[in-house]
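Hello,

Here is the structure I promised to pass on to you. Have a look at it first, and then read on for what turned up in it.

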Amino acid sequence: MAKETSSQDSVRLKAQQMRAEQARKDRRIKITIISVVLVVVLGIAAAVAVVIGQKVSAERAARNVDPVSVFGTFAEGEPILYSHKGVGQVDDSIPTLVEYFDYSCHVCVNVDALFGKELTEGADKGEYNIEYRSVRTVDMAYQHAATAASLVVAQKAPERWADFHHALMAYFKSQYDNGKGHVVNDADASYQQVKKIAEQVGISADVIGIFPYGSVADHYLDVASQAWREATVEGRAGLGTPEFVAHGKAVKLQGKTGAELLDSVRAALEVKK
């Protein structure tokens, strides 16, 4: 009986030793896993911190730029000139249409949807020049972000400017038509959205990276809007956008369809069909 008890004690002792050894192995594995996870988490946190830091630095830089450095010749409220010769050039042998608009004006974007691209195509064909003048009327946050980016693209990617201009108009129309104002009324959201629109029309990341924060366009819009108010325009009934001017006279848009409205502009410019 004593021998049997001794044998059982030996088995129990061996089992305890095995359990103790397994427990030590489990603790080592647990410590190793925790250490690896901690390293991974710290690495992810560091990477996120770097990304956030870079984003904050980039947006801080976008807010704190000299308008002249990003807008160049446009800094003092100059219009974006458009003709068959390209952005920034005009043909003195043909008439010039002036278009005053606000990227956050629902009437402006509706008119642009009706015949804006066709109007640009007429300039491409050499029928007339266009002076695009962004001014304050509705003046939502989106107007500032869109104007700032538009001026940069006119300089740095002029071949993409017309597509970008109409895409900016189209986006605001989509938001207005759907009763959505959370982007177009917010400066940060508008700034980010304008960059997305630029990417969608094929503007390079290098150019998009130059886009200043919307508030940088404040001076430009102040000067351009003042010039608009002071302009002598025959037949002007009051200030409102969009306003088209040909030969110093306010163009009275007539018709309901895009083709009819375009014809009224062409007639004011005295463009032959």
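In what order do the six strands of the open sheet run? The order is E2-E1-E4-E3-E5-E6, and the pairing is mixed. Strand E2 (86-87) and strand E6 (249-250) stand at the edges with a single partner strand each, so one side of each has no neighbour in the sheet. Helix H4 (residues 141-156) packs on this sheet, where it touches strand E1 (80-83), E2, strand E3 (96-101) and strand E4 (129-134). The direction of H4 makes about 55° with that of E1.

Before you go further, please keep in mind that this is a predicted model. The average pLDDT of the chain is 88, and 80% of the residues score at least 70. Residues 45-58 are a stretch to treat separately: the pLDDT there is below 50, and beyond near neighbours in sequence the stretch has one contact in the model.

Now to the E6 end of the sheet. Strand E5 (residues 243-246) pairs with E6 in the antiparallel sense, over two bridges. Val245 has Ala250 in E6 as its bridge partner. In the loop between E5 and E6 you will find His247, which has a positive phi of about 55° although it is not a glycine. On the other side of E5 in sequence, the loop between helix H8 (218-230) and E5 holds Pro242. The peptide bond that leads from Thr241 to Pro242 is cis, with omega near 0°.

Next comes the empty space. How many cavities of 30 Å³ or more does the structure hold? There are two of them.

The largest cavity has a volume of about 50 Å³. Its lining is made up of Ile80, Phe101, Tyr103, Tyr132, Arg133, Ser134, Thr147, Ser150, Leu151 and Tyr220. E4 and H4 each supply at least two residues of that lining, and H4 is the helix you met above, packing on the sheet. By class, the lining of the largest cavity divides into six nonpolar residues, three polar and one charged.

The second largest cavity holds about 40 Å³ of space. Which helix gives the most to its lining? That is helix H3 (residues 106-124), with six residues. The residues that line this second cavity are Glu99, Cys108, Val111, Asp112, Phe115, Gly116, Leu119, Pro242 and Phe244. Of these, six are nonpolar, one is polar and two are charged. Notice Pro242 among them: this is the residue that follows the cis peptide bond from Thr241.

Finally, there is the largest pocket, with a volume of about 190 Å³. It is lined by 14 residues, and the closest to its centre are Ala237, Pro242, Glu243, Ala250 and Val251. The elements that give two or more residues to this lining are H3 and E5. The lining of the largest pocket has eight nonpolar, three polar and three charged residues.

If you would like one place to start looking, try Pro242. You will find it in the loop between H8 and E5, in the lining of the second largest cavity, and among the residues closest to the centre of the largest pocket. Ala250 is another one to click on, as the bridge partner of Val245 and one of the residues closest to the centre of that pocket.

Enjoy exploring, and best wishes!

Notes. Residues numbered from 1 in each chain as written. Predicted model: local features only at pLDDT ≥ 70, side-chain atom pairs only at ≥ 80, totals over all residues. Heavy atoms only, no water. Pairing = 2+ DSSP bridges. Helix = DSSP H or I, 4+ residues; strand = E, 2+ residues; numbered from the N terminus. Contact = heavy atoms within 4.5 Å. Axes fitted to C-alpha atoms, helices over the stretch in contact; angles between N-to-C directions. pLDDT = per-residue confidence, 0-100. 1 Å grid on protein atoms, 1.4 Å probe; cavity = no way out; pocket = protein on both sides within 12 Å on 5 of 7 lines; lining within 4 Å. Points joined across faces, edges and corners; volume = space filled by probe spheres on them. Nonpolar A, V, L, I, M, F, W, Y, C, P; charged D, E, K, R; others polar.
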